[in-house]
Amino acid sequence: MRITQGTFSFLPDLTDAQIRAQVDYALRQGWAPSVEFTDDPHPRNTYWEMWGLPMFEVQDAAAVLYEINACRKAYPDRYIRVNAFDATRGFESVRLSFLVNRPPREPRFELIRTEGPGRSVRYSLRTVRENEGAPE
Amino acid sequence: MSTATAETGKRQARGRYDAGVLKYREMGYWQPDYVPRDTDVIALFRITPQEGVEPEEAAAAVAGESSTATWTVVWTDRLTACDAYRAKAYRVDPVPNTGPGTRTEQQYFAYIAYELDLFEEGSIANLTASIIGNVFGFKPLKALRLEDMRIPVAYVKTFQGPATGIVVERERLDKFGRPLLGATTKPKLGLSGRNYGRVVYEALKGGLDFVKDDENINSQPFMHWRDRFLFVMEAVNRASAATGEVKGHYLNVTAATMEDMYERAEFAKELGSVIVMIDLVIGYTAIQSMAKWARRNDMILHLHRAGHSTYTRQKNHGIAFRVISKWMRLAGVDHIHAGTVVGKLEGDPAVIAGIYDTLREPFTPANLGHGLFFDQDWAGMRKVMPVASGGIHAGQMHQLISYLGEDVVLQFGGGTIGHPHGIEAGAQANRVALEAIIQARNEGVDIWNEGPEVLEKAARWCTPLRAALETWRDVTFDYTSTDTVDFVPTATPAS
Amino acid sequence: MNTASNPPAVAPSTPSVDLQAMLAETHVSDVIEQLDNDLIGLAPVKQRVREIAAFLLVAKARAQVGIESEQPSMHMCFTGNPGTGKTTVAVRMADILQRLGWVRRNTVVTVTRDDLVGQYIGHTAPKTREVLKRAMGGVLFIDEAYYLYRPENERDYGQESIEILLQAMEANRNDLVVILAGYKDRMETFFRANAGIHSRIAHHIEFSDFSAEELLQIAELMAERMHYRFDAESLETMRNYIERRIHQPNFANARSIRNALDRARLRQANRLFARAMKGARASVEELTLIASEDLLSSRVFQMKEADSGSG
């Protein structure tokens, strides 16, 4: 299943040149790019692993691509995303976030329903990876 | 009647408080030398006086009627610090392009300052009861419009403000760097809960972030509210599982009583919805109650501005929508419909820019070209996400983003559900168009001019987008706006 | 109306490039001219810089008309003794590289071993990567680069840094130009042990020591920039000073001259101040003059001939 998180997930996967252009944009805005990776793309999994600290000192997108490639080499089978942080007052948050790597086989999500009185239902999602069946 | 003409301050108290009727300007409501204090609430009215009524007298009358005055002198004023409580009209300017030689009768901008102690803390109901309470029906005026207000920081800080705000909404949804996408379920009325949920599922799975109840979907014979909530939340969660994204549906909890609204909101929460919706017609107090409920329950609060055009659209009478926007930011909603510029509903580009700034900026400087008369400091109050909806489609994506920026929800109702290949394809077309334009903009492409090529290029690999562009290519709503700004920046003519 | 004169108009059958126009457009000549004016001597270095600029210009022209060739390596090695102008030339080189489009900005990040190599296991890679990232898009200048390699200690983390640098020099040639700098003989030893790095250095520039005459000119230029001057007597003393200083330990070419001038300024100020305490006023001439006595009290003149190590 192709998950569609991130700013550009409905476009064909970005090429390195396209990634570089987006990072350049972030740097022009004065945002600090960072690289994160995970094997669990559950929508509530906010804290992906950080591949180093946000790059506050970097002036050129090549430096970010350098880290992206190092991360891809270390974790070719994980999701990797680039975030750009804006420290401006009133934002102080992520301003751009997009995927730069997907595992060769993406997991899917199982929808678990817990039924309650009055037809009400509580929903939860469970990440299901390759070679893993549904729970009993 | 007194014949005194001197300024209030110099007048003998005895003459001022003699029984009888005085002109408002003589009762102290016209003070051209008054310098507003930082803590004053300031209102700017557009006034059209009756024949023979001086503009200063009309302004003083508005000041009087919206604060302490009544039609006659009352001795009980003297039991109070009435000089402080009186609103002060301190400036009157003729409105450009009105009066003799124009097609519009003479209008004036009246600036009126109100002492902060006139208002109860954190109450839009109290603020509006004064500012728009009696005065709009006042006979010496032909028409009256509240154009803008300056809310002092001291008063801003007594309001909760948006329950969630733009930044936290994005963090909860995990969606950054692009406008959010929505659609209103169509047809507005008549679908059963089961059919309704189908529309929601298709649109969310196709790529929208939100689907929305329309303003008049409450609990009707064809679909009672619990049914709607249950089917919709099944659709929302299925779509989330199918995409790995957080999805939402604005469940309209508008109802006859507060008790009903709380009951519906609680049920939405129980089902795991991230957002609920209310209509402007429920009233300011109900809106503030729901904002507090939303803050307590980690819920995004969407406001549909149902009914506003009855008083915001005409330029000479009513309330400008920028004022409603200010009130709603104070009242604490997270989303508000605020115009599209390019769609089917009223929206002059300069007016809309002023409204969007009012909702989204930490500080809005005065900008007459955008209809903003005052600097407005929001003192860290959270930001409201404007919602653009009504007659917009994927082919306008570059214009929408150029006008509205990226902190906005773009709602394509017909533009999703009316897609020739179905709802999912319609949603996909919108999402691809959106991402392609944002990508191009970030890469430095001039999207205002080259947007159509960017969309055409994306349409080469995205069939649904191609179909959308072909279907709606020539659809525009090109009518003159009625609510426009009065100050148009003009280029200095070269000599 | 055709008023074309020289060269005769010939319909070009193949695409051609106007190198002169390119040169003018990029203002590279300005940088070279500046280099000529700002730096005394260094004729061979200036010649090498001109050659490299020409090579880069032609490479750019070739790319423009679509001649396929591999992106040329731009990494360089500047060898020479301290104070011979390596850093200054690196800054100009960054200008040239940027104007010709081989780097995106003309920044020079200057580092030494301590910036690249950590003291504990696991520290070196992040430090080196951090430096590389800061420098990307411009020039990375590694001074005394041979300290990266310490053969006497086989667990030295310098080797780790060298490997990361090597990878970046290869994989990120479009993003980064590395200039290694240091004494000639020690760089040669370093390259013998690190053939990988050596093979990736395209341009070697050797900075020779300045002659005494050049150093005197440098002294005059430096004084002028600081709004000081010599008179006939003090200039002679300066010449005398330079000839002695060259043969003393820790001589660092232009840098030693600058230090000598700084000390002379201090002595001049003291001299004027002492006079002022006795009620004298100071004229503009006096305020700007480095006098002979300001130089003569230098330790250089106190040292015995035998101590100076000169023959």
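Which residue of chain B forms a salt bridge with A:R113? The partner is B:E234, and the closest N and O atoms of the pair are 2.5 Å apart. The points below concern a predicted model.

1. **Which chains touch.** Two pairs of chains are in contact, and chains A and B make the most contacts of these pairs. No contact joins chain B and chain C; their closest C-alpha atoms lie 16 Å apart. The interface of chain C is therefore discussed here with chain A, given that contact is counted within 4.5 Å.

2. **Extent of the A–B interface.** The contact involves 40 residues of chain A and 41 residues of chain B. Together the two chains bury about 3,300 Å², and carbon and sulfur atoms account for 51% of that area. On the chain A side, the residues that lose the most area to chain B are A:F10, A:R119 and A:Y123, which together make up 20% of what that side buries.

3. **Polar features of the A–B interface.** There are 2 salt bridges between chain A and chain B, one of them being the pair A:R113 and B:E234. In addition, 19 residue pairs are in polar contact between these chains, counting pairs with both residues at pLDDT 80 or more. On the side of chain A that touches chain B, the elements giving two or more residues are helix α1 (16-28) and strands β4 (93-101), β5 (108-115) and β6 (121-128). By class, this side has 19 nonpolar, 12 polar and 9 charged residues.

4. **Extent of the C–A interface.** Here 13 residues of chain C meet 11 residues of chain A. The buried area is about 1,100 Å², with 48% of it from carbon and sulfur atoms. Three residues, C:R129, C:K133 and C:M136, supply 47% of the area that chain C buries against chain A, which is more than any other three residues.

5. **Polar features of the C–A interface.** The count across this interface is 5 salt bridges. C:R105 and A:D60 form a salt bridge in which the closest N and O atoms are 2.5 Å apart. A further count gives 6 residue pairs in polar contact, both residues being at pLDDT 80 or more. On the side of chain C that touches chain A, two or more residues come from each of the helices α6 (124-135) and α7 (158-171). Helix α6 of chain C gives the largest share of this side, 4 residues. The classes on this side are 4 nonpolar, 3 polar and 6 charged residues.

6. **Overall form of chain C.** Chain C contains 15 helices and 7 strands. Its radius of gyration is 25 Å, whereas a compact globule of 311 residues would have a value near 19 Å. Taken along the principal axes, the C-alpha atoms of chain C fill a box of roughly 80 × 70 × 40 Å. Of its 311 residues, 42% count as buried. Among contacts in chain C between residues at least 6 apart in sequence, 76% join residues at least 24 apart.

7. **A:E36 in chain A.** Is this residue buried or exposed? A:E36 counts as buried because its relative accessibility is 8%, under the 20% cut-off. A:E36 is found in strand β1 (residues 32-38) of chain A. Its side chain makes a polar contact of 2.8 Å with the side chain of A:R81, and another of 3.2 Å with the side chain of A:N83. Leaving aside residues up to four places away in sequence, A:E36 touches A:W48, A:E49, A:M50, A:W51, A:Y79, A:I80, A:R81 and A:N83. The two polar partners, A:R81 and A:N83, are thus among the residues that A:E36 touches.

8. **C:V139 in chain C.** This residue is found in strand β3 (residues 139-143) of chain C. C:V139 counts as buried because its relative accessible area is 1%. Beyond residues up to four places away in sequence, C:V139 touches C:A94, C:L97, C:T107, C:V108, C:V109, C:V177 and C:I179. How far apart in space are C:V139 and C:F210, C-alpha to C-alpha? The separation is 26 Å, for two residues that are 71 residues apart in sequence.

Note on methods. Residues numbered from 1 in each chain as written. Chains lettered and ligands numbered in written order. Heavy atoms only, no water. Buried area = accessible area lost by both parts, 1.4 Å probe. Salt bridge = Lys/Arg side-chain N within 4 Å of Asp/Glu carboxyl O. Polar contact = N/O pair within 3.5 Å; in protein donor to acceptor, adjacent residues only side chain to side chain. Nonpolar A, V, L, I, M, F, W, Y, C, P; charged D, E, K, R; others polar. Rg over C-alpha atoms; globule rule 2.2 N^0.38 Å. Buried < 20%, exposed > 50% of the residue type's maximum accessible area, 1.4 Å probe, protein only.
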